[in-house]
Amino acid sequence: MSEQIVKALKELHRIQPVTNACITIIDDVSTSNHVGPLSDWVIAAKDNFATDGILTTAGSKILSNYIGVYDATAIKKIKEACGVIVAKTALDELGMGGTGLTCFTGPVFNPYNQNHQAGGSSSGSAVVVAAGAVRMALGSDTGDSVRKPASFCGIVGVKPTYGRISRYGVIPYASSLDHVGYFTQNVLDAAVTLEVLSGFDPLDPTTIIEPLLPFAQSLTGDLKGKKIGVLKNVIEHIDHVETCDLFNDLVSKLEDSGAEVIEVMINEQLLKTALPTYYIIANCEATANHANLTTVNFGLRQPGLDLKEIMNASRTGGFNSLLRKRFVIGSYGLKDENQEFIFKKAQKVRRLLVQELNQALENVDALIAPASSTIAPKIGEDNIDKLSNKHLISENYMVLGNFSGYPSITVPMGYIHEMPIGVNITTKANTEPLMFDVALAIEMLTGLKNQVKKVIV
Ligand code: GLN
């Protein structure tokens with residue numbers, strides 16, 4: 001076992017009592033002497049990636065005894081590139097939620113301050129990268145589950161174009177919105193990771209056929225002639241002066257380095273419907289996807305006299321109350337008599353929102369806005385008004401990246417009271433090299449690269 005792996009395992013065990021970031025730490029990892037693009041990379045994976053012979057729970061009690069029987073394609077590609085997976089990380093149950101507080105193994109804590117959330121749903125993956133225990137960690141992003149925790153933990157979080165990375169072997173949440181994503185400590189590592197993970201997969205018919213050509217080594221971060229759109233709607237509803245100050249400061253720096261900054265507005269009425277629309281689509285698809293979690297063939301089964309009783313008891317006891325609520329909403333939206341005016345209507349609104357996004361992107365290379373309205377909330381103090389514009393727009397606009405499937409990345413923007421906050425960048429479909437170039441430019445301007453927070457135990 002290499003020195004890096006031994007060090008990573010030790011660090012993961014050391015920080016586990018205060019972060020609760022891992023579900024499984026793989027102490028007996030197998031390594032090879034081959035050399036590949038991820039040689040010496042110590043990596044973690046969210047626990048919704050299937051791993052052969054290793055517990056794969058998706059953060060749910062109902063799968064808390066499920067051992068994977070094959071490797072997800074992303075895991076396979078990491079191994080082929082000689083990366084070593086040392087941990088499976090905690091997530092909000094089945095990827096549903098944004099707090100990092102609903103995994104069956106308990107809440108995940110922010111490495112910067114354990115009184116704060118890490119964000120979710122890819123909480124554990126964000127934490128182990130931010131704490132410097134691993135170099136990269138896989139996550140999944142259905143609404144913002146990579147890009148939001150990246151903001152709260154001060155690291156890079158990537159959601160590429162829909163279909164860029166195979167989802168084969170990833171326990172689904174909502175199939176039309178689910179993306180494989182990941183975290184790194186800097187933009188170059190993020191670009192190298194995408195080169196490794198991307199590609200057509202015959203086992204995932206939604207993967208893009210055209211390969212992504214190598215681009216990482218040719219990134220320059222040169223902004224001259226680039227048009228950067230500032231998403232005005234998002235800024236307008238942020239009432240935290242510190243966030244606006246950090247963002248405005250970044251915008252000035254972008255201008256100073258040769259970018260043309262243009263303010264962009266999206267139809268506000270429509271934008272306010274993005275989150276409710278997201279919840280309808282996500283809950284309906286999740287309800288259908290998770291209908292197989294009956295515990296009849298696999299999973300943690302509760303006793304009962306017949307199949308119906310077993311399924312009822314297992315599902316009621318196996319899912320947290322948030323999930324049960326979402327399955328009720330999803331079942332309602334999918335009922336024959338409701339489909340037209342709930343599920344299908346939401347799909348039409350989604351289309352309109354993507355048209356708005358297309359318009360917003362028409363005259364710019366990239367759209368930027370703060371990835372969260374402020375730093376990670378304190379645990380127990382997440383009492384934001386759910387119907388406010390701040391919540392509906394500033395805190396949740398990143399679902400547009402899932403509606404459209406367009407590539408979107410969060411990179412660190414600065415610190416408020418010693419807690420990190422990120423900026424999000426979205427570009428048109430299949431333009432990841434451009435997205436990474438803008439991200440690199442921002443990383444160079446802020447100087448916030450490899451921002452590792454050593455956790456004090
Ligand atoms: N917070 C969102 C939700 O609960 C996003 C989750 C995700 O991207 N997996 O659905």
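Okay, a definition before anything else: I'm calling it a salt bridge when a side-chain nitrogen of Lys or Arg sits within 4 Å of a carboxyl oxygen of Asp or Glu. And keep in mind that what you're looking at is a predicted model.

So, here's one of those pairs. Arginine 14 forms a salt bridge with glutamate 11, and their closest N and O atoms are 2.9 Å apart. That counts because 2.9 Å falls within the 4 Å cut-off. Where are these two? Both belong to helix H1, which covers residues 3–19, and they're three residues apart, about one turn of the helix. In general, side chains of opposite charge can pair when their charged atoms come close. Searching the whole structure turns up 14 salt bridges.

Now the ligand. Which pocket does it take? The space it fills is the largest pocket. There are 13 residues around it, and the ones that come nearest are Gly97, Gly143, Ser145, Tyr173 and Tyr278. If you sort that shell by type, you get three nonpolar, seven polar and three charged residues.

For polar contacts, let's start with the backbone. Glycine 97 puts a backbone N or O atom 2.8 Å from a ligand oxygen, and threonine 142 also has a backbone N or O atom 2.8 Å from an oxygen of the ligand. Then there's a side chain: a polar atom of tyrosine 173 lies 2.6 Å from a ligand oxygen. How much of the ligand does the protein bury? On its own the ligand exposes 300 Å², and the protein buries 95% of that.

Last bit, backbone geometry. Most residues other than glycine have a negative phi, and most peptide bonds are trans. Two spots here go the other way. Asparagine 20 has a positive phi, near 55°, and you'll find it in the loop between H1 and strand S1, residues 22–25. Then glycine 120 and serine 121 are joined by a cis peptide bond, with omega about 10°. Serine 121 is in the loop between strand S5 (113–117) and helix H3 (123–130).

Technical notes
Residues numbered from 1 in each chain as written. Predicted model: local features only at pLDDT ≥ 70, side-chain atom pairs only at ≥ 80, totals over all residues. Heavy atoms only, no water. Near = heavy atom within 4 Å. Polar contact = N/O pair within 3.5 Å; in protein donor to acceptor, adjacent residues only side chain to side chain. Areas by Shrake-Rupley, 256 points an atom, 1.4 Å probe, with all protein chains shown as cover. 1 Å grid on protein atoms, 1.4 Å probe; cavity = no way out; pocket = protein on both sides within 12 Å on 5 of 7 lines; lining within 4 Å. Sits in = over half its atoms within 2 Å of the grid points. Nonpolar A, V, L, I, M, F, W, Y, C, P; charged D, E, K, R; others polar. Helix = DSSP H or I, 4+ residues; strand = E, 2+ residues; numbered from the N terminus.
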